[in-house]
Amino acid sequence: VIQPNIDPNSKWDIANRKSTLNFMDSLHIHAISLKPDIIIFPETALPVYLRINKKIKDNYQDRVNNSNIPILIGTVDRRIDSIGRKLYFNSTMFMQPNKNFEMYDKIHLVPFAEYDLIPSFLSPLANLNLNMNRGIFKKGNDYVSFVLNDLVFSDLICYESSFPRYARKFVANGADFLIIQAN
């Protein structure tokens, strides 16, 4: 488990981006040397949209392929909907050796921190996609499971672990064990 002590606000400051990425890389390389079955990064581990940032994603995938050690890494994700709006998710990415990555989008978001309780038509900032003391994330809908060494597991992201219904649903869907990612 990689759980660095990085201030989340500092991590997303563009001036600290390179040092944060280098620090996380060094922790990943050290974790590989311990030869675990899986390496688990925290929620929103890197100050990048990992699925979109091909260079960084490919760098991690190469390490996963070469070490033969999968990683579960928290990431902020951005997608474009059918009418061109940017949608943001608090997600996790599971990378396995020589396979395509898999994603899970957090289902239970934290009010105001991750989503705005005020309907978008009442909020003048809603269409700006700026996180200015208001949440902009969309919730996931799918109870995703991953497979590791013939065991099925699911991931609860931070606050979701406070609600037993999510753990029960993942287990009912076949999870042999659960992982909780948090900052």
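This tour walks through one sheet of a predicted model, strand by strand.

Residues are numbered from 1 along each chain as its sequence is written. Local features need pLDDT of at least 70, side-chain atom pairs count only at pLDDT 80 or more, totals for chains, interfaces and linings use all residues, and side-chain values use heavy atoms, with hydrogens and water left out.

Start with the whole sheet. It is open, has 4 strands in the order 1-2-3-4, and its pairing is mixed. Strands here are DSSP runs of E with at least two residues, numbered from the N terminus; two of them pair if DSSP finds at least two bridges between them. Strand 1 (39-40) and strand 4 are the edges: each has a single partner strand, so one side of each lacks a neighbour in the sheet.

Next select strand 3, residues 86-95. Of its 10 residues, 9 are buried (under 20% relative accessible area, 1.4 Å probe, protein chains only).

Add strand 2, residues 71-80. Strands 2 and 3 run antiparallel to each other, paired over 10 bridges. Pick Thr75 to find Ser91 of strand 3 opposite. Then move to the turn of this hairpin, where 5 residues lie between the strands and Gly84 has a positive phi of about 90 degrees.

Now go to the other neighbour, strand 4, at residues 102-105. Its pairing with strand 3 is also antiparallel, over 4 bridges. Two bridge pairs to select are Phe94 with Glu102 and Thr92 with Tyr104. Finish at the connection: this hairpin has 6 residues between its strands, and Asn98 takes a positive phi near 55 degrees.

Notes
Buried means under 20% relative accessible area, exposed over 50%, partly exposed in between (1.4 Å probe, protein chains only).
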